[in-house]
Amino acid sequence: MTLFKILLTDGLDATSQSILRESAEVDDKSGISADELLNIIPAYDALIVRGRTRVTASVIDAASRLKVIGRAGVGVDNIDLEAAKRHGITVVNAPTSTSVAVAELTFGLLLALAREIPRADSAMKQGKWLKKELEGVELNGKTLGVIGFGRIGMEVGKRAAAFGMNVIAYDPLIPEEEIKRRGADPASLQDLYAWSDFISLHMPLTVDTRDMIGRQAFAHMKDGVRIVCAARGGIIDESALVEALNSGKVAGAALDVFSVEPPGLTEAVSHPRVIATPHIGAQTAEAQSRASVDIAQEVLSALRGESLRWKVA
Ligand code: NAD
(Lines give C-alpha, C1' and ligand atoms only; values in the text may rest on other atoms or scores of the structure.)
Protein backbone atom coordinates (compact mmCIF):
# COMPACT_ATOMS: atom_id res chain seq x y z
CA MET A 1 0.00 0.00 0.00
CA THR A 2 1.33 3.46 -0.88
CA LEU A 3 1.66 5.64 2.19
CA PHE A 4 0.28 9.17 2.20
CA LYS A 5 2.98 11.84 1.97
CA ILE A 6 2.64 14.68 4.48
CA LEU A 7 4.69 17.88 4.51
CA LEU A 8 5.25 19.91 7.70
CA THR A 9 6.50 23.45 7.16
CA ASP A 10 6.18 24.96 10.64
CA GLY A 11 7.06 21.95 12.82
CA LEU A 12 4.87 19.67 14.89
CA ASP A 13 5.71 18.04 18.23
CA ALA A 14 7.18 14.54 18.49
CA THR A 15 3.96 12.83 19.69
CA SER A 16 1.98 14.21 16.75
CA GLN A 17 4.70 13.27 14.29
CA SER A 18 4.59 9.67 15.53
CA ILE A 19 0.79 9.62 15.15
CA LEU A 20 1.26 10.72 11.52
CA ARG A 21 4.13 8.30 10.84
CA GLU A 22 1.92 5.31 11.71
CA SER A 23 0.01 5.94 8.47
CA ALA A 24 2.12 8.29 6.41
CA GLU A 25 5.55 9.32 5.23
CA VAL A 26 6.30 12.65 6.92
CA ASP A 27 8.80 15.29 5.81
CA ASP A 28 9.56 17.93 8.42
CA LYS A 29 10.82 20.96 6.53
CA SER A 30 10.30 23.59 9.21
CA GLY A 31 11.26 27.10 8.14
CA ILE A 32 11.18 26.28 4.40
CA SER A 33 11.09 29.33 2.07
CA ALA A 34 8.10 30.24 -0.12
CA ASP A 35 10.07 29.31 -3.29
CA GLU A 36 11.13 25.92 -1.93
CA LEU A 37 7.55 25.19 -0.90
CA LEU A 38 6.35 25.95 -4.42
CA ASN A 39 8.94 23.49 -5.83
CA ILE A 40 8.23 20.54 -3.58
CA ILE A 41 4.48 20.81 -2.92
CA PRO A 42 3.46 18.70 -5.99
CA ALA A 43 4.79 15.57 -4.20
CA TYR A 44 2.44 15.76 -1.17
CA ASP A 45 -1.05 14.58 -0.20
CA ALA A 46 -1.23 16.80 2.88
CA LEU A 47 0.38 20.00 4.15
CA ILE A 48 0.41 20.97 7.84
CA VAL A 49 1.26 24.55 8.80
CA ARG A 50 1.03 26.88 11.78
CA GLY A 51 0.76 30.67 11.30
CA ARG A 52 4.11 31.28 9.54
CA THR A 53 3.68 29.52 6.18
CA ARG A 54 1.61 31.41 3.65
CA VAL A 55 -0.41 28.93 1.63
CA THR A 56 -1.10 31.16 -1.35
CA ALA A 57 -3.12 30.50 -4.51
CA SER A 58 0.20 29.81 -6.34
CA VAL A 59 1.15 27.11 -3.81
CA ILE A 60 -2.33 25.59 -4.12
CA ASP A 61 -2.28 25.76 -7.96
CA ALA A 62 1.04 23.87 -7.93
CA ALA A 63 -0.19 21.24 -5.45
CA SER A 64 -1.43 18.66 -7.92
CA ARG A 65 -1.71 15.79 -5.35
CA LEU A 66 -2.82 17.81 -2.34
CA LYS A 67 -6.01 16.65 -0.62
CA VAL A 68 -5.85 18.45 2.71
CA ILE A 69 -4.26 21.47 4.40
CA GLY A 70 -4.12 21.39 8.20
CA ARG A 71 -3.58 24.45 10.40
CA ALA A 72 -2.19 23.51 13.83
CA GLY A 73 -4.09 26.29 15.61
CA VAL A 74 -7.14 28.42 14.93
CA GLY A 75 -6.62 31.32 12.48
CA VAL A 76 -6.62 30.32 8.81
CA ASP A 77 -5.88 33.83 7.49
CA ASN A 78 -2.57 32.52 6.07
CA ILE A 79 -4.38 30.01 3.81
CA ASP A 80 -6.13 31.03 0.58
CA LEU A 81 -9.45 29.31 1.29
CA GLU A 82 -11.02 30.30 -2.05
CA ALA A 83 -8.14 28.70 -3.98
CA ALA A 84 -8.41 25.57 -1.79
CA LYS A 85 -12.16 25.34 -2.50
CA ARG A 86 -11.58 25.78 -6.25
CA HIS A 87 -9.21 22.79 -6.22
CA GLY A 88 -11.41 20.67 -3.95
CA ILE A 89 -8.78 20.69 -1.21
CA THR A 90 -10.09 20.31 2.35
CA VAL A 91 -8.86 22.76 4.98
CA VAL A 92 -9.01 21.77 8.65
CA ASN A 93 -7.87 23.52 11.84
CA ALA A 94 -7.69 22.83 15.58
CA PRO A 95 -10.02 25.48 16.99
CA THR A 96 -10.52 24.21 20.54
CA SER A 97 -6.88 23.50 21.36
CA THR A 98 -5.89 27.03 22.30
CA SER A 99 -9.04 28.46 23.95
CA VAL A 100 -7.86 28.05 27.55
CA ALA A 101 -4.41 29.47 26.78
CA VAL A 102 -5.92 32.60 25.19
CA ALA A 103 -8.45 32.96 28.02
CA GLU A 104 -5.67 32.73 30.63
CA LEU A 105 -3.55 35.34 28.81
CA THR A 106 -6.61 37.59 28.58
CA PHE A 107 -7.13 37.24 32.30
CA GLY A 108 -3.47 38.00 32.96
CA LEU A 109 -3.86 41.15 30.85
CA LEU A 110 -7.01 42.20 32.75
CA LEU A 111 -5.14 41.91 36.05
CA ALA A 112 -2.05 43.57 34.62
CA LEU A 113 -4.18 46.52 33.48
CA ALA A 114 -6.06 46.80 36.79
CA ARG A 115 -2.86 46.81 38.86
CA GLU A 116 -0.31 48.18 36.34
CA ILE A 117 1.95 45.21 36.96
CA PRO A 118 4.27 45.83 33.95
CA ARG A 119 4.85 49.46 35.04
CA ALA A 120 5.53 48.37 38.62
CA ASP A 121 8.08 45.82 37.44
CA SER A 122 9.87 48.16 35.05
CA ALA A 123 10.11 50.87 37.75
CA MET A 124 11.62 48.34 40.18
CA LYS A 125 14.20 47.40 37.55
CA GLN A 126 15.15 51.09 37.34
CA GLY A 127 15.59 51.17 41.13
CA LYS A 128 12.34 53.15 41.66
CA TRP A 129 9.76 52.45 44.42
CA LEU A 130 6.48 53.81 42.93
CA LYS A 131 4.19 52.52 45.67
CA LYS A 132 2.02 55.68 46.03
CA GLU A 133 1.55 56.20 42.27
CA LEU A 134 0.58 52.60 41.71
CA GLU A 135 -2.92 52.61 43.16
CA GLY A 136 -4.92 50.28 40.96
CA VAL A 137 -8.53 49.15 40.82
CA GLU A 138 -10.13 45.83 41.78
CA LEU A 139 -11.86 43.46 39.39
CA ASN A 140 -14.26 42.38 42.14
CA GLY A 141 -17.68 44.03 41.74
CA LYS A 142 -16.83 45.50 38.30
CA THR A 143 -18.68 44.79 35.06
CA LEU A 144 -16.83 42.94 32.35
CA GLY A 145 -18.32 43.23 28.85
CA VAL A 146 -17.31 40.35 26.60
CA ILE A 147 -17.83 40.94 22.88
CA GLY A 148 -17.93 37.58 21.07
CA PHE A 149 -19.10 34.87 23.50
CA GLY A 150 -17.70 31.81 21.71
CA ARG A 151 -15.09 29.37 22.98
CA ILE A 152 -12.58 31.90 24.33
CA GLY A 153 -15.08 34.57 25.40
CA MET A 154 -16.93 31.98 27.47
CA GLU A 155 -13.71 30.80 29.18
CA VAL A 156 -12.86 34.42 30.03
CA GLY A 157 -16.39 34.89 31.40
CA LYS A 158 -16.02 31.89 33.76
CA ARG A 159 -12.75 33.22 35.16
CA ALA A 160 -14.20 36.72 35.57
CA ALA A 161 -17.19 35.35 37.51
CA ALA A 162 -14.78 33.56 39.86
CA PHE A 163 -13.14 36.96 40.50
CA GLY A 164 -16.50 38.47 41.52
CA MET A 165 -17.11 40.37 38.28
CA ASN A 166 -20.56 40.88 36.70
CA VAL A 167 -20.21 39.37 33.25
CA ILE A 168 -22.31 40.70 30.38
CA ALA A 169 -21.90 39.52 26.79
CA TYR A 170 -22.81 40.63 23.29
CA ASP A 171 -22.81 38.04 20.51
CA PRO A 172 -25.18 38.50 17.56
CA LEU A 173 -24.93 34.83 16.55
CA ILE A 174 -25.63 33.19 19.91
CA PRO A 175 -29.19 33.07 21.30
CA GLU A 176 -29.73 34.89 24.60
CA GLU A 177 -30.66 31.64 26.37
CA GLU A 178 -27.33 30.12 25.33
CA ILE A 179 -25.40 33.18 26.53
CA LYS A 180 -27.13 32.78 29.92
CA ARG A 181 -26.35 29.05 29.95
CA ARG A 182 -22.70 29.96 29.34
CA GLY A 183 -22.77 32.13 32.47
CA ALA A 184 -23.25 35.73 31.29
CA ASP A 185 -26.09 38.22 31.03
CA PRO A 186 -26.86 39.01 27.39
CA ALA A 187 -26.59 42.70 26.49
CA SER A 188 -27.00 44.81 23.39
CA LEU A 189 -23.78 46.32 22.09
CA GLN A 190 -24.85 49.82 23.18
CA ASP A 191 -25.66 48.63 26.71
CA LEU A 192 -22.40 46.71 26.92
CA TYR A 193 -20.47 49.86 25.96
CA ALA A 194 -22.43 51.94 28.46
CA TRP A 195 -22.15 49.55 31.43
CA SER A 196 -18.72 47.92 31.19
CA ASP A 197 -15.75 48.90 33.35
CA PHE A 198 -13.64 46.40 31.41
CA ILE A 199 -14.24 45.21 27.85
CA SER A 200 -12.67 42.07 26.40
CA LEU A 201 -12.86 41.34 22.67
CA HIS A 202 -13.25 37.75 21.44
CA MET A 203 -14.93 37.96 18.03
CA PRO A 204 -13.29 37.04 14.70
CA LEU A 205 -11.97 39.65 12.28
CA THR A 206 -14.62 39.96 9.56
CA VAL A 207 -15.92 42.73 7.31
CA ASP A 208 -18.33 43.58 10.14
CA THR A 209 -15.77 43.63 12.94
CA ARG A 210 -12.89 45.41 11.15
CA ASP A 211 -12.35 48.73 12.98
CA MET A 212 -15.52 47.96 15.00
CA ILE A 213 -13.85 49.41 18.10
CA GLY A 214 -13.27 52.88 16.70
CA ARG A 215 -14.23 56.50 17.46
CA GLN A 216 -18.00 55.83 17.57
CA ALA A 217 -17.67 52.84 19.86
CA PHE A 218 -15.32 54.68 22.25
CA ALA A 219 -17.79 57.59 22.41
CA HIS A 220 -20.45 55.21 23.80
CA MET A 221 -18.17 53.66 26.44
CA LYS A 222 -17.86 54.60 30.12
CA ASP A 223 -15.17 57.13 30.97
CA GLY A 224 -12.11 55.28 32.25
CA VAL A 225 -12.96 51.94 30.62
CA ARG A 226 -10.13 49.41 30.27
CA ILE A 227 -9.96 47.26 27.13
CA VAL A 228 -8.26 43.96 26.33
CA CYS A 229 -7.87 42.57 22.83
CA ALA A 230 -6.40 39.10 22.33
CA ALA A 231 -8.65 38.38 19.32
CA ARG A 232 -7.35 39.71 16.00
CA GLY A 233 -5.52 42.84 14.90
CA GLY A 234 -7.77 45.16 12.87
CA ILE A 235 -10.79 44.89 15.22
CA ILE A 236 -9.56 47.92 17.18
CA ASP A 237 -8.85 51.07 15.17
CA GLU A 238 -5.45 51.75 16.76
CA SER A 239 -5.32 55.47 15.96
CA ALA A 240 -8.78 55.96 17.52
CA LEU A 241 -7.55 54.02 20.56
CA VAL A 242 -4.55 56.33 20.97
CA GLU A 243 -6.90 59.36 20.83
CA ALA A 244 -9.21 57.76 23.41
CA LEU A 245 -6.24 57.02 25.70
CA ASN A 246 -4.92 60.57 25.35
CA SER A 247 -8.31 62.09 26.15
CA GLY A 248 -8.66 59.85 29.22
CA LYS A 249 -11.81 58.17 27.82
CA VAL A 250 -9.93 54.86 27.94
CA ALA A 251 -7.85 54.38 31.09
CA GLY A 252 -5.78 51.54 29.70
CA ALA A 253 -5.62 48.92 26.97
CA ALA A 254 -3.86 45.58 26.66
CA LEU A 255 -3.18 44.32 23.14
CA ASP A 256 -1.90 40.91 22.11
CA VAL A 257 -2.75 41.45 18.43
CA PHE A 258 -2.13 44.32 16.01
CA SER A 259 -3.35 45.48 12.61
CA VAL A 260 0.20 44.87 11.29
CA GLU A 261 2.34 42.19 12.95
CA PRO A 262 4.98 42.74 14.12
CA PRO A 263 3.84 46.35 14.56
CA GLY A 264 7.18 47.91 15.50
CA LEU A 265 7.13 50.92 17.82
CA THR A 266 3.79 52.39 16.78
CA GLU A 267 2.05 55.06 18.87
CA ALA A 268 -0.25 52.39 20.28
CA VAL A 269 2.57 50.02 21.27
CA SER A 270 4.68 52.74 22.88
CA HIS A 271 1.77 54.44 24.67
CA PRO A 272 2.40 54.44 28.45
CA ARG A 273 -1.13 53.18 29.12
CA VAL A 274 -0.92 50.28 26.69
CA ILE A 275 0.36 46.86 27.68
CA ALA A 276 1.55 45.10 24.54
CA THR A 277 2.38 41.42 24.02
CA PRO A 278 3.58 39.80 20.76
CA HIS A 279 0.53 37.66 19.81
CA ILE A 280 1.30 35.07 22.50
CA GLY A 281 -2.31 34.08 23.28
CA ALA A 282 -1.87 30.50 22.12
CA GLN A 283 1.78 30.20 23.13
CA THR A 284 1.64 27.68 25.95
CA ALA A 285 3.28 24.26 25.90
CA GLU A 286 -0.10 22.63 26.49
CA ALA A 287 -1.95 24.52 23.75
CA GLN A 288 0.75 23.95 21.15
CA SER A 289 0.93 20.25 21.90
CA ARG A 290 -2.90 19.92 21.89
CA ALA A 291 -3.05 21.77 18.56
CA SER A 292 -0.43 19.42 17.08
CA VAL A 293 -2.19 16.23 18.17
CA ASP A 294 -5.63 17.54 17.11
CA ILE A 295 -4.41 18.51 13.66
CA ALA A 296 -2.47 15.27 13.14
CA GLN A 297 -5.63 13.25 13.85
CA GLU A 298 -7.83 15.53 11.75
CA VAL A 299 -5.50 15.47 8.72
CA LEU A 300 -5.34 11.65 8.84
CA SER A 301 -9.15 11.50 9.05
CA ALA A 302 -9.37 13.78 5.98
CA LEU A 303 -6.91 11.62 4.03
CA ARG A 304 -8.90 8.48 4.92
CA GLY A 305 -12.19 10.12 3.91
CA GLU A 306 -13.58 9.88 7.46
CA SER A 307 -15.95 12.44 9.00
CA LEU A 308 -14.28 15.63 10.18
CA ARG A 309 -14.65 17.66 13.37
CA TRP A 310 -13.19 20.94 12.15
CA LYS A 311 -13.60 21.45 8.42
CA VAL A 312 -13.01 25.11 7.50
CA ALA A 313 -13.28 24.67 3.73
P1 NAD B 1 -15.39 31.33 18.32
O2 NAD B 1 -15.79 31.20 16.90
O3 NAD B 1 -15.60 30.19 19.24
O4 NAD B 1 -16.08 32.62 18.97
C5 NAD B 1 -16.17 33.85 18.31
C6 NAD B 1 -17.55 34.42 18.61
O7 NAD B 1 -17.64 35.72 18.03
C8 NAD B 1 -18.70 33.59 18.01
O9 NAD B 1 -19.56 33.15 19.05
C10 NAD B 1 -19.39 34.55 17.05
O11 NAD B 1 -20.79 34.40 17.06
C12 NAD B 1 -18.98 35.89 17.62
N13 NAD B 1 -19.10 36.99 16.67
C14 NAD B 1 -19.06 36.94 15.31
N15 NAD B 1 -19.27 38.17 14.81
C16 NAD B 1 -19.45 39.01 15.87
C17 NAD B 1 -19.70 40.39 16.00
N18 NAD B 1 -19.84 41.19 14.92
N19 NAD B 1 -19.82 40.91 17.23
C20 NAD B 1 -19.71 40.13 18.33
N21 NAD B 1 -19.48 38.80 18.26
C22 NAD B 1 -19.34 38.25 17.06
O23 NAD B 1 -13.84 31.75 18.27
P24 NAD B 1 -12.76 31.63 19.45
O25 NAD B 1 -12.00 30.36 19.29
O26 NAD B 1 -13.41 31.96 20.75
O27 NAD B 1 -11.75 32.82 19.03
C28 NAD B 1 -12.08 34.17 19.32
C29 NAD B 1 -11.03 35.11 18.75
O30 NAD B 1 -9.74 34.82 19.32
C31 NAD B 1 -10.85 35.01 17.23
O32 NAD B 1 -10.67 36.32 16.72
C33 NAD B 1 -9.54 34.24 17.09
O34 NAD B 1 -8.89 34.52 15.87
C35 NAD B 1 -8.78 34.80 18.27
N36 NAD B 1 -7.62 34.00 18.71
C37 NAD B 1 -6.52 34.68 19.14
C38 NAD B 1 -5.39 33.97 19.56
C39 NAD B 1 -4.16 34.69 20.07
O40 NAD B 1 -3.08 34.14 19.99
N41 NAD B 1 -4.28 35.88 20.61
C42 NAD B 1 -5.39 32.57 19.53
C43 NAD B 1 -6.56 31.90 19.13
C44 NAD B 1 -7.68 32.64 18.71
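Visitor: How do you know that E1 and strand E2 (residues 24-28) pair, and in which sense do they run?
Guide: In this predicted model, 5 bridges join E1 to E2, and the two run parallel; two strands pair if DSSP finds at least two bridges between them, so E1 and E2 are a pair. Helices (H or I, at least four residues) and strands (E, at least two) are DSSP runs numbered from the N terminus. Within this pairing, Lys5 has Glu25 of E2 as its bridge partner.

Visitor: What can be trusted in such a model?
Guide: Residues are numbered from 1 along each chain as its sequence is written, and side-chain values use heavy atoms, with hydrogens and water left out. As the model is predicted, local features need pLDDT of at least 70 and side-chain atom pairs count only at pLDDT 80 or more, while totals for chains, interfaces and linings use all residues.

Visitor: What makes E1 and strand E3 (residues 46-49) a pair?
Guide: E1 and E3 are joined over 3 bridges in the parallel sense, and Ile6 stands opposite Ala46 in E3.

Visitor: Why is Thr90 called buried or exposed?
Guide: Buried means under 20% relative accessible area, exposed over 50%, and partly exposed in between (1.4 Å probe, protein chains only); Thr90 has 18%, and therefore Thr90 is buried. Thr90 belongs to strand E5 (residues 90-93), and among the residues that Thr90 touches (heavy atoms within 4.5 Å) are Val68, Ile69 and Leu308.

Visitor: How many residues of strand E1 (residues 4-8) are buried?
Guide: In E1, 4 of its 5 residues are buried, and the strand is mostly covered.

Technical notes: Lists of a residue's contacts leave out its neighbours within four places in sequence.
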